[in-house]
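Here are a few short exercises to work through with the model open in your viewer. Try each one before you read its solution.

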Amino acid sequence: MTTGASTPPHPARPRRSGPLRYLPLGIAAWLVLEIWLLIVVAGATSGFTVFLLLVAGFVLGSVVIKRAGRRAFRALSETLQQQQSGALPQGGTNSEGNGLMMLGGLLLMLPGLISDALGLLLLVPPVQKGLSRYAERTFERKMREAGAGTLGGAFQQARIHRPDGKVVPGEVIRDDEPRDRRQEDSGPRPPLSG
């Protein structure tokens, strides 16, 4: 049993940001659009053609993911070998774009024509370079905005700024000594007050 301030019957739910609020609606709309497009293509050609398109997308996506995974593993092995030999790793490796290739392969494996088109678009090298540069610039800008600090400070700030505003103060008790010896030395403990 705990004592102290009672908790509200309905705790405050954290507010979602704008884009996250509409994410479920966007996913549902995307699924409806994918199904509608498959029905339209099946009506224009045949159901067997749509089945072949879906199977071809799955096979192509698995080949792309396997190839990107091999490239990433090869780049990792080369980097580890260079570090073990004492040489500095080279900046220009072939590992750039492996994540986008894997994402493209995953989109190809998902059933649907829109996801297949996006997956094929992610396999084009100029698109990969443009997206990776955009992501890098965005990441660097967010890091500059975050300012200096430690990782522990970031966790402390995240804990303090919880939406419900609850912070539980406490202290850390180290358990270095055996329990029997600690109880003998400390004497009686004061009762907990609420």
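## Exercise 1: the core side of H3

In this predicted model, the buried residues of H3 pack against H2 and H4.

**Task.** Find out which residues of H3 are buried, and check the end-to-end span of helix H3 against its 39 residues.

**Solution.**
- Start with the cut-off: buried means under 20% relative accessible area. In H3 that picks out Val 50, Gly 57, Gly 61, Val 64, Ala 68 and Ala 75.
- Next, the span. H3 covers residues 47–85, and at 1.5 Å a residue it should span 57 Å. The expected figure uses one less than the number of residues.
- Now compare: the end C-alpha atoms of H3 are 57 Å apart, so the two values agree.
- Finally, step past the end of the helix. Gly 86 follows H3, and its phi is positive, near 95°.

## Exercise 2: a residue in H4

**Task.** Is Asn 98 buried or exposed, and which residues does it touch?

**Solution.**
- Locate it: Asn 98 sits in helix H4, which runs over residues 98–109.
- Check its area: Asn 98 has a relative accessible area of 5%, and since buried means under 20%, Asn 98 is buried.
- List its partners, skipping residues up to four places away in sequence: Asn 98 touches Ala 68, Arg 71 and Ala 72. One of these, Ala 68, is also on the list of buried residues of H3.

## Exercise 3: how H2 meets H5

**Task.** Work out how the axes of H2 and H5 cross, and which residues make the contact.

**Solution.**
- Two packed helices are described by the angle between their axes and the distance between the axes.
- For H2 (residues 23–44) and H5 (residues 113–122), the axes come within 8 Å and cross at roughly 100°.
- Angles from 65 to 115 degrees count as roughly perpendicular, so H2 and H5 are roughly perpendicular to each other.
- On the H2 side you'll find Trp 30, Leu 33, Glu 34, Leu 37, Leu 38 and Val 41, and they meet Leu 113, Ile 114 and Ser 115 in H5.
- Sort that contact by class and you get 7 nonpolar, 1 polar and 1 charged residues.

## Exercise 4: the whole chain

**Task.** How many helices and strands does the chain have, and what share of its residues is buried?

**Solution.**
- The chain has 8 helices and 0 strands, giving the pattern α-α-α-α-α-α-α-α along the sequence.
- Of the 194 residues, 12% are buried.
- The accessible surface is about 16100 Å², and 64% of that belongs to carbon and sulfur atoms.
- Take contacts between residues at least 6 apart in sequence: 59% join residues at least 24 apart.

Note on methods:
Residues are numbered from 1 along each chain as its sequence is written. This is a predicted model: local features need pLDDT of at least 70, side-chain atom pairs count only at pLDDT 80 or more; totals for chains, interfaces and linings use all residues. Side-chain values use heavy atoms; hydrogens and water are left out. Axes are lines fitted to C-alpha atoms, for helices over the stretch in contact, and angles run from 0 to 180 degrees between N-to-C directions. Helices (H or I, at least four residues) and strands (E, at least two) are DSSP runs, numbered from the N terminus. Angles under 35 degrees count as roughly parallel, over 145 as roughly antiparallel, 65 to 115 as roughly perpendicular and the rest as oblique. Contact means heavy atoms within 4.5 Å. Ala, Val, Leu, Ile, Met, Phe, Trp, Tyr, Cys and Pro count as nonpolar, Asp, Glu, Lys and Arg as charged, and the others, Gly among them, as polar. Buried means under 20% relative accessible area, exposed over 50%, partly exposed in between (1.4 Å probe, protein chains only). Accessible areas come from the Shrake-Rupley method with a 1.4 Å probe; for residues, only the protein chains shown count as cover.
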